Amino acid sequence: MYFSTEPAVTTGLPFYKTVLCLTCVLILIINGVSLFHNLGQLKGANEIQGQTAKVIDKVQYVNVLIMDAESSLRGYFLSGSEVYLGPLRTASSEIDAQFAELDRLLAETPSQRRSLAQLHTLVYRKLDTMNQVLDVYRQGGLDDIVKIAGSSDSKSDMDEIRLQVVILVQEQNELLAVRSATFAREYRNAVFLGISINAMAILVLALFYRLIRRSYFARATTQRALESANDKLESMVVLRTEQLSVLSRHLISVSEEEKARLARELHDELGANLTSINIDLNAVADTVRAGAPELALMLDRARATLVETVELKRRIVDNLRPSLLDHLGLAAAVQSYCEEFGRVTKLDCEALIDGDIDVASPMHAIAVFRIVQESLNNIAKYACARHVIVHLGREAGGLALEVSDDGVGIDADAVAQPKSHGLLGMRERALLLGGSLRVKRGVNNVGTCVEAFIPLSRVADSGEAAPHIAAPLPFNGLHPSEGDRTQSLRPYSIRRRTLRGPGGQSR
């Protein structure tokens, strides 16, 4: 069992830890947004690079189509075979698609769209020229073609087309270089920003880890201090409980010795004095009875009062120390007390004695008798029983006692009450002699059963007085359970009635 001094647990972290957590989360969110933005820029740069490569490929392809068309036309002029006109037909059919694609790719660059328009004009003019030459060749022959070639400047047209292609390719390369430089600059800035954000996040995490580590070690230190204090408190409680238990047993032993001493003094000294007074009263009454009847009558009343005083002395002595216990033994004392208890309470009280139990020492005998007395008092006070059985027997190594009834049993709330001095006194009496005591429900959960075991040492078996026990013997009943406690009550007093005959004399 530990005693905790920790305050009530409050929800939530301290303010500075909450701020650090939110700062770390915010930095991570910014880092994620920056990373997403950088990925978008990288994707845009890749698209621009791909677009530039497509433009260059398309322009080069247009240039190749025109050159192939011109070469195929010369082959056709030399051979006259229609097979050589395939590239010309291909160029005528694909030029429109290529320029449409180039127009779409260069939609966001007005300067290149102007260059593309000039290339478009040159290419279509070249195609028209080649188609016209083809028509002239088919109508007039090779001589007309030679005349047309001599008068036209076909070489300059091709040079213009190639120059325009070179210009477009150069512009695309320059645009790509500018955009690459811009992207590289932005990428460096993004990398620097990302590194800065990550460094800040690492710093915040390091601070948060340090705070958590400090809190953990502080809590661990506090926990160890609490455990150490709890261990000291636990050992102190055990020590104090042991001391109180020893003190309780010592007080019980001293109380029984004092009761025995008072009983002897009352029986010996007070009894002798009362007997002497009785003899003197009888002698004086016999002397004055004839001459002074009134005085004799007063002496008879005084003698009757003296007899009642003797009876009161005997009851006091029996309550302090039962005389039957010393003269006839434990078995007779228990049997007599049970019979007297049954007559007074009108209960069916049966005493079962097994074996030779009179070998018990005076200390063992008085302990067993007090346990029986307290158990029967509890039954008369609380049990509402009709039948009581007191079973006392000799077992191997000691005396076994069982007091059971058919009453209402022990209520759980009543058992849990801390002021169960009656049962505590019975248990301490058993502990004083190294025994044990427990309280449980009776057979079939009806009534209450008190079980006690008192070991008999060799000193007790020899009939000698048992020595005082300075410390409790080890056993499992030092800390009783809740089910082994009942409420205490004052000792049950059995008042014997004195029968009187005529004249007020007892008989």
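Which residue stands opposite Leu-401 in strand 5? I started my notebook with that one, and I found Ala-452 facing Leu-401. A reminder to myself before going on: this is a predicted model.

**Entry 1: the strands around strand 5**

I followed strand 5 (residues 448-455) to its partners. Strand 3 and strand 5 run antiparallel, and I noted seven bridges joining them. On strand 4 I found another antiparallel partner for strand 5, this time with six bridges. In that pairing, Arg-438 stands opposite Glu-451 of strand 5.

I then asked how covered strand 5 is, and the answer was mostly: six of its eight residues are buried. A general point to keep beside this: side chains in a regular strand alternate between the two faces of the sheet.

Next I looked at the hairpin that strand 4 and strand 5 make, where six residues sit between the strands. Asn-444 caught my eye in this hairpin, with a positive phi near 60°.

**Entry 2: salt bridges**

How many salt bridges are there? I have nine in my list. The general idea is familiar: side chains of opposite charge can pair when their charged atoms come close.

I looked up Lys-126 and Glu-70, whose closest N and O atoms are 3.5 Å apart in a salt bridge. Lys-126 belongs to helix 3 (residues 110-140) and Glu-70 to helix 1, so this pair ties together parts that lie 56 residues apart in sequence. Buried or exposed, I wondered of Lys-126? Lys-126 is buried, at 4% relative accessible area. Glu-70 is buried too, with a value of 12%.

Then I turned to Arg-104 and Glu-101, which meet through their side chains in a salt bridge at 2.3 Å, N to O. These two are three residues apart in helix 2 (residues 86-105), so about one helical turn separates them. I wrote down Arg-104 as exposed, at 51% relative accessibility, because the cut-off for exposed is over 50%. Glu-101 is partly exposed, with a relative accessible area of 25%.

Back at the hairpin strands, I found the side chains of Lys-440 and Glu-451 in a salt bridge of 2.8 Å, N to O. Lys-440 is in strand 4 (residues 436-441) and Glu-451 in strand 5, with their positions eleven residues apart in the numbering, and the pair links distant parts of the chain. Lys-440 comes out as partly exposed, with a relative accessible area of 32%. I also noted a network: Arg-289, Asp-300 and Arg-303 are joined by salt bridges that share partners.

**Entry 3: nonpolar cores**

Which residues have the most contacts inside the largest nonpolar core? I wrote down Leu-330, Leu-376, Val-390, Leu-401 and Leu-437, in a core of 42 residues. Leu-401, from my opening question, is thus back on the page. Several elements give two or more residues to this core, among them helix 8 (330-345), strand 1 (348-354), strand 2 (387-395) and helix 11 (421-432). Strand 3, strand 4 and strand 5 are also on that list. Helix 9 gives the most, with eleven residues.

I checked what Leu-330 touches beyond four places in sequence, and the contacts include Leu-325, Ile-357, Ala-365, Val-368, Phe-369, Leu-392 and Leu-399. Asp-358 is also one of the residues that Leu-330 touches.

A second core, separate from this one, has 32 residues, including Leu-106, Leu-119, Met-130 and Leu-134. For the margin: in soluble globular proteins, nonpolar side chains tend to be buried together.

**Entry 4: Asn-63**

I went to helix 1 (residues 15-79) to look up Asn-63. Asn-63 counts as buried, because its relative accessibility is 9% and the cut-off is under 20%. Which residues is Asn-63 in contact with, leaving aside neighbours within four places in sequence? I found Ile-161, Arg-162 and Val-165.

**Entry 5: cysteines**

How many disulfides does the structure hold? My tally is zero. Cys-338 is in no disulfide, and its nearest cysteine sulfur belongs to Cys-349, 4.0 Å away. That pair does not qualify because a disulfide needs the sulfur atoms within 2.5 Å. Cys-338 is buried, with 1% relative accessible area. Cys-349 is buried as well, at 15%.

Notes: Residues are numbered from 1 along each chain as its sequence is written. This is a predicted model: local features need pLDDT of at least 70, side-chain atom pairs count only at pLDDT 80 or more; totals for chains, interfaces and linings use all residues. Side-chain values use heavy atoms; hydrogens and water are left out. Helices (H or I, at least four residues) and strands (E, at least two) are DSSP runs, numbered from the N terminus. Buried means under 20% relative accessible area, exposed over 50%, partly exposed in between (1.4 Å probe, protein chains only). Contact means heavy atoms within 4.5 Å. A salt bridge is a side-chain nitrogen of Lys or Arg within 4 Å of a carboxyl oxygen of Asp or Glu. A nonpolar core is a set of buried Ala, Val, Leu, Ile, Met, Phe, Trp, Tyr and Cys residues joined through side-chain atoms within 4.5 Å. Two strands pair if DSSP finds at least two bridges between them.
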